[in-house]
Amino acid sequence: MKKSIPFEDIRRYEKFPFQMRPLITNFLNHEEPHRHNFEEIIWVKSGEGTQKIDDKQIQVVPNTMYLIGKGQVHHFVEGKNLEGTIITFDRAFINTASVPQMAMAIFLELSIIQRDTIVFKNVEIQEVDTLMQQIWQEYNKSDTVFGKYSVIYHLLLTLLVLIERKNIELKAKEGTLIKDHKEQVYLDFLQLLEKNYLKNHDISFYAKQLGVTARTLSTYATLYSGKTAKDIIQERLIIEAKRLLTFTDSGITQIAFQLAYEDASYFCRSFKKQTQVSPNEYRNRLIK
């Protein structure tokens, strides 16, 4: 009986909070669904396949970057003639004052699944591929080489900035780009939510921590995401509920307790309001 989703620890094989490895070329169901306690960037240069991120099955296609945030459930299903690279890193590795705040924004947004796939085109492809090769060359040097991880650190920052540039470009096309302090309040809210959603569902808690009113927080959230702060909190809870329903055998009451709902019936009502099906119906659909 599965009562929890396995965590894959970035420090399982190495002590340093950064790893890089090539994609496995060909495979079929070579790994079980697991959570990450790190951020992951998957760069697919060529080949094809499928993977699952939470409850979404996603096609793996060339010249595409897939972003998997801390806490998301992921596993590869199939791969054919794949060529590419996987980078994993602990957020603490780059969590310093020198890091552009927007460079990590996209991973915070993954908490509520806004964007997990970025397609690069034309000259962008060569730019990303060259940067990946530079990181790979540095990563494979001996640990005794002076400044090895300092170079990796700065190359990774460059990669994150390239990703965020593309993200900003996509947001501008979608009309969701914001250029003032309101965006930072929103991003701080997402980060705070990640740390507290299992025990605090009340908007007023987050507003107080951020030094704004509940109405202001909701206004900023709506401006940036098109969703109220309450909607975002509920979405985050439902995403976690879906993970537990999909990847564990925990009962509905137990899941409601894990997510700090008042009772199972309230959890079921909230889940159905968000998904149009009950938790049991959602789980049963997965079995069919």
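In which sense, and over how many bridges, do strand β2 (residues 18-22) and strand β8 pair? The two strands pair in the antiparallel sense, over five bridges. The model is predicted, and this briefing treats strand β8 and its partners, the salt bridges, and the packing of helix α4 against helix α7.

**Strand β8 and its partners**

- Strand β8 spans residues 73-89, and 13 of its 17 residues are buried, so the strand is largely enclosed by the rest of the structure.
- In the pairing of β2 with β8, Arg-21 stands opposite Ile-86 of β8.
- Strand β3 (residues 27-28) runs antiparallel to β8 and is joined to it by two bridges; here Phe-27 stands opposite Gly-79 of β8.
- Strand β4 (residues 34-36) is likewise antiparallel to β8, with two bridges between them.
- Strand β5 (residues 39-53) is joined to β8 by 13 bridges, and these two strands also run antiparallel.
- His-74 of β8 is the bridge partner of His-34, and His-74 is also the bridge partner of Ile-53.
- In a regular strand, side chains alternate between the two faces of the sheet.

**Salt bridges**

- The structure holds 12 salt bridges.
- One of them is formed by the side chains of Lys-45 and Asp-129, with an N to O distance of 2.9 Å. This pair links distant parts of the chain, since Lys-45 belongs to strand β5 and Asp-129 to helix α2 (residues 123-139), 84 residues apart.
- Within that pair, Lys-45 is partly exposed, at a relative accessible area of 32%. Asp-129 has 10% relative accessibility and counts as buried because the cut-off for buried is under 20%.
- Glu-138 forms a salt bridge with Lys-141, and their closest N and O atoms are 3.0 Å apart. Glu-138 counts as buried at 8% relative accessibility, whereas Lys-141 counts as partly exposed at 38%.
- Lys-166 and Glu-169 form a further salt bridge, with 3.5 Å between the closest N and O atoms. Both residues lie in helix α3 (residues 148-174), three residues apart, which is about one turn of the helix.
- In this pair the lysine is the buried partner: Lys-166 has a relative accessible area of 7%, while Glu-169 is partly exposed at 30%.
- Salt bridges with shared partners also join Arg-35, Asp-54, Glu-194, Arg-236, Glu-240 and Arg-243 into one network.

**Packing of helices α4 and α7**

- Helix α4 (residues 181-196) packs with helix α7 (residues 229-247) at an angle of about 35°, and the axes of the two helices are 11 Å apart.
- The crossing of α4 and α7 is right-handed.
- On the α4 side, the contact is made by Tyr-186, Phe-189, Leu-190, Leu-193 and Glu-194. On the α7 side, Ala-229, Ile-232, Ile-233 and Arg-236 take part.
- By class, the contact of α4 with α7 comprises seven nonpolar residues, no polar residues and two charged residues.
- Glu-194 of α4 and Arg-236 of α7 belong to this helix contact, and both are also members of the salt-bridge network.

Terms used
Residues numbered from 1 in each chain as written. Predicted model: local features only at pLDDT ≥ 70, side-chain atom pairs only at ≥ 80, totals over all residues. Heavy atoms only, no water. Buried < 20%, exposed > 50% of the residue type's maximum accessible area, 1.4 Å probe, protein only. Helix = DSSP H or I, 4+ residues; strand = E, 2+ residues; numbered from the N terminus. Pairing = 2+ DSSP bridges. Salt bridge = Lys/Arg side-chain N within 4 Å of Asp/Glu carboxyl O. Axes fitted to C-alpha atoms, helices over the stretch in contact; angles between N-to-C directions. Left-handed = near helix turned anticlockwise from the far one by under 90°. Contact = heavy atoms within 4.5 Å. Nonpolar A, V, L, I, M, F, W, Y, C, P; charged D, E, K, R; others polar.
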